[in-house]
Amino acid sequence: MFFDKTYKPKSIEEDLVSEILSFSESYEGSINDLGSSIEQKFKDQLDEASYLDRLGSVYFRINLLDKATVIAELNVKLFPDNSGSLENLAYVYLNNDKKQKALASYKKVLLLNPENSYAKD
């Protein structure tokens, strides 16, 4: 392949998380409208909570808590029965000094998953 001048590598496909990340990074509207814009553009592709969980954790790790919150809220809106996504939202709220919202989210986690040790604490 290195010596074959006719070889053309296949292009690397961007995964959905990368696509949404690119979209959200280039988004020029209000942070308050970011979630609905992501939902409109990607709703047909968002068939599991893990995509937005991964994206939210990227924003959380680099301390962009407003974006992490928007992503986590959208994920819970799309997947309201996913206790993991609810737990992530609660954690983002807690680290963004939104303690009442965090507490309410942790209570919902316990309704869905009574054995969740993080929510119990």
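Rings of Phe, Tyr and Trp count as a pair if their centres lie within 6.5 Å. The legends below describe close-up views of a predicted model.

**View 1. Aromatic pairs, with Phe23 and Phe42 in the frame.** A search of the whole structure finds three aromatic pairs. Phe23 and Phe42 make up an edge-to-face pair, with 5.6 Å from centre to centre and 80 degrees between the planes. This pair links distant parts of the chain, since Phe23 belongs to helix α1 and Phe42 to helix α2, 19 residues apart. Phe42 has 3% relative accessibility, and because buried means under 20%, Phe42 counts as buried. Ring pairs also bring in Tyr27, so that Phe23, Tyr27 and Phe42 form a cluster. The charged end of Lys41 sits over the ring of Phe42, 5.7 Å from the centre of that ring.

**View 2. The pair of Phe60 and Tyr91.** The centres of these two rings are 5.3 Å apart and their planes are at 45 degrees, so the pair is tilted. Phe60 is in helix α3 and Tyr91 is in helix α5 (residues 83-95), so the pair ties together parts of the chain that are 31 residues apart in sequence. Phe60 counts as partly exposed, at 23% relative accessibility. Tyr91 also counts as partly exposed, at 42% relative accessibility.

**View 3. The largest nonpolar core.** This core has 19 residues, and the members that touch the most other members are Ile20, Ile38, Phe42, Leu46, Leu52 and Leu55. Two or more residues come from each of α1 (16-26), α2 (31-42), α3 (50-61) and α4 (65-78). The largest share, five residues, is given by α4. Leaving aside neighbours within four places in sequence, Leu46 is in contact with Leu16, Ile20, Tyr51, Leu52, Leu78 and Phe79. Another core lies apart from this one and has seven residues, among them Ala72, Leu86, Leu89 and Val109. In soluble globular proteins, nonpolar side chains tend to be buried together.

**View 4. The buried side of helix α1.** The buried residues of α1 are Leu16, Val17, Ile20, Phe23 and Ser24. They cover an arc of only 125 degrees around the axis, which puts them on the same side of α1. These buried residues pack against α2, α3 and α4.

**View 5. Helix α4 and its surroundings.** Helix α4 has 14 residues and reaches 20 Å from its first C-alpha to its last, close to the 20 Å expected at 1.5 Å a residue. Of its 14 residues, 11 are buried, so α4 is largely enclosed by the rest of the structure. The buried residues are Leu65, Lys67, Ala68, Thr69, Val70, Ile71, Ala72, Leu74, Asn75, Val76 and Leu78. Their cover includes α1, α2, α3 and α5.

**View 6. Leu86 in helix α5.** Leu86 is buried, with a relative accessible area of 4%. Not counting residues up to four places away in sequence, Leu86 touches Val76, Pro80, Ser105, Lys108, Val109 and Leu112. Between Leu86 and Ala72 there are 14 places in sequence, and their C-alpha atoms are 7.9 Å apart in space.

**View 7. Ser85 in helix α5.** Ser85 counts as buried, at 1% relative accessibility. Apart from residues up to four places away in sequence, Ser85 touches Ala49, Asp53, Asn75 and Val76. Two of these contacts, Asn75 and Val76, are listed among the buried residues of α4.

**View 8. Lys98 in the loop between α5 and α6 (99-112).** At 31% relative accessibility, Lys98 counts as partly exposed. Lys98 touches Thr69 and Tyr93, not counting residues up to four places away in sequence. Thr69 is one of the buried residues of α4.

Definitions and conventions: Residues are numbered from 1 along each chain as its sequence is written. This is a predicted model: local features need pLDDT of at least 70, side-chain atom pairs count only at pLDDT 80 or more; totals for chains, interfaces and linings use all residues. Side-chain values use heavy atoms; hydrogens and water are left out. A nonpolar core is a set of buried Ala, Val, Leu, Ile, Met, Phe, Trp, Tyr and Cys residues joined through side-chain atoms within 4.5 Å. Buried means under 20% relative accessible area, exposed over 50%, partly exposed in between (1.4 Å probe, protein chains only). Helices (H or I, at least four residues) and strands (E, at least two) are DSSP runs, numbered from the N terminus. Contact means heavy atoms within 4.5 Å. Rings of Phe, Tyr and Trp (its six-membered ring) pair if their centres lie within 6.5 Å; planes under 30 degrees apart count as stacked, over 60 as edge-to-face and the rest as tilted. A charge sits over a ring if NZ of Lys or CZ of Arg is within 6 Å of the ring centre and within 35 degrees of the ring normal. The expected span of a helix is 1.5 Å times one less than its number of residues. The arc is that of the directions from the helix axis to the C-beta atoms.
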